[in-house]
Amino acid sequence: MSSSIPPPPPSRSSSCFVTKPARGFQVLRIDGYSCTKDLLGGERISSDIFIVGGRHWCVDYYPNGADASVNESGAIALYLRLAGTNSDGGGHRQKVRVPARYKFSLLDVATGDATYERPEETGVFTFDWHQAAGGDDARCGYAEFITRQELEGLIREDRLAIRCDVGVTEVAPLPVVAADPLAANPSSTSRFMHDIASRQRYNYLGFNGYNGGIGDEFYGLDGYRRSQEPPLDDKEYILRCLTAERPRE
């Protein structure tokens, strides 16, 4: 008799991705606006890098325009620049192209409200890993955002505040997790360890056992009471940025 060998089990796999909008903004505050007029054309003041949708962004302010061949300009230039990404272009340090929405506004330093703004624009930003500073393709914005005469009619306390809103579509893998085997037949020991691990995870994420809604108090695993400040809304965050005292020289 010939023995038959059963075929190997099929290879099985699954993939899942989630797409979602990501938004954020940067507030670039410049104290001593009048001194920035001494910078030549092509010289810029850049914000700190901020992350929206897994991409690294930067706001560039050119007091006398972005054209280095012109020493003085009658308008300021503003650009949003793609300064990097969380990926390396597919593992080969290739160019990365990112479509994004952006909007620039000038803010009243006393109220945080917009005193001048342009409509939202859409652009494609190209980041080249071989150009650390980023080329012209890495930025989108305005060579003449507002004339100096108009701008200086809005300036208060010699302080300039620029807001840049950024919106992108983020694509992220969503892991497909098998059912927890502890839920099917948990022993007392494994269930205890599972509960401890879950409590530690929630404690790490900030869900420290809300005390029934009395104030903003939370309790950690050690039983000590802790206070947690509620998150700021956009308006309050902007006001804090604009009113923060600068370090004394």
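Q: A charge sits over a ring if NZ of Lys or CZ of Arg is within 6 Å of the ring centre and within 35 degrees of the ring normal; which residue, then, lies over the face of Tyr-142, and at what distance from the ring centre?

A: In this model, which is predicted, the residue over the face of Tyr-142 is Arg-118, at 4.5 Å from the ring centre. A second arrangement of this kind involves Arg-139, which lies over the face of Tyr-79 at 4.2 Å from the ring centre.

Q: What pLDDT does the chain average, and over which residues does pLDDT stay under 50?

A: Where pLDDT is low, the predicted coordinates should not be read in detail. The average for this chain is 80, and 71% of the residues score at least 70, whereas pLDDT stays under 50 over residues 188-221. The model does have 38 contacts beyond four places in sequence for residues 188-221, but the caution about low pLDDT applies to reading them.

Q: How many helices and strands are there in the chain, and what share of its residues is buried?

A: The chain holds five helices and 12 strands, and buried residues account for 31% of its 249 residues. As for how the chain is connected through space, 65% of the contacts between residues at least 6 apart in sequence join residues that are at least 24 apart.

Q: How many aromatic pairs are found in the whole structure?

A: A search of the whole structure gives nine aromatic pairs. One of them is formed by Trp-57 and Phe-125, and because their ring centres are 5.1 Å apart with the planes at 85 degrees, the pair counts as edge-to-face. This pair links distant parts of the chain, since Trp-57 belongs to strand E4 (residues 55-62) and Phe-125 to strand E8 (residues 121-127), with their positions 68 residues apart in sequence. Trp-57 and Phe-125 are both buried. They also belong to one aromatic cluster, whose other members are Tyr-102, Phe-104, Tyr-116, Tyr-142 and Phe-145; Tyr-142 thus appears both in the cluster and as the ring whose face lies under Arg-118.

Q: How many disulfides does a search of the whole structure find?

A: A disulfide is a covalent bond between the sulfur atoms of two cysteines. The search here finds zero disulfides. For Cys-58, the nearest cysteine sulfur is that of Cys-164, 9.9 Å away, to be set against a cut-off of 2.5 Å.

Q: Is Cys-58 buried or exposed, and is Cys-35 buried or exposed?

A: Cys-58 has a relative accessibility of 4% and therefore counts as buried, whereas Cys-35, at 55%, counts as exposed.

Q: In which sense do strand E6 and strand E7 pair, and over how many bridges?

A: In a regular strand the side chains alternate between the two faces of the sheet. Strand E6 (residues 96-107) and strand E7 (residues 114-117) pair in the antiparallel sense over three bridges, and Ser-105 has Glu-117 in E7 as its bridge partner. The hairpin of E6 and E7 has six residues between the strands, and in it Gly-112 takes a positive phi near 80 degrees.

Q: Which residues does Thr-115 touch, not counting residues up to four places away in sequence?

A: Thr-115 lies in strand E7, and with that exclusion it touches Leu-106, Leu-107, Asp-108 and Leu-154. The C-alpha atoms of Thr-115 and Leu-154 are 7.2 Å apart in space, although the two residues are 39 apart in sequence. Thr-115 counts as partly exposed because its relative accessibility is 34%.

Q: What phi does Glu-157 have, and what phi does Asp-158 have?

A: Most residues other than glycine have a negative phi. Glu-157, although not a glycine, has a positive phi of about 55 degrees, and Asp-158, also not a glycine, has a positive phi of about 55 degrees. Glu-157 is placed in the loop between H2 and strand E10 (159-173), and Asp-158 is likewise found in the loop between H2 and E10. With a relative accessibility of 64%, Glu-157 counts as exposed, while Asp-158, at 30%, counts as partly exposed.

Q: Where does Glu-150 lie, and how far is Glu-150 from Ala-75 in sequence and in space?

A: Glu-150 is in helix H2 (residues 148-152) and is partly exposed, with a relative accessible area of 42%. Glu-150 and Ala-75 are 75 residues apart in sequence, while their C-alpha atoms are 9.0 Å apart in space.

Definitions and conventions:
Residues numbered from 1 in each chain as written. Heavy atoms only, no water. pLDDT = per-residue confidence, 0-100. Contact = heavy atoms within 4.5 Å. Helix = DSSP H or I, 4+ residues; strand = E, 2+ residues; numbered from the N terminus. Buried < 20%, exposed > 50% of the residue type's maximum accessible area, 1.4 Å probe, protein only. Phe/Tyr/Trp six-rings, centres within 6.5 Å; stacked < 30°, edge-to-face > 60°. Pairing = 2+ DSSP bridges.
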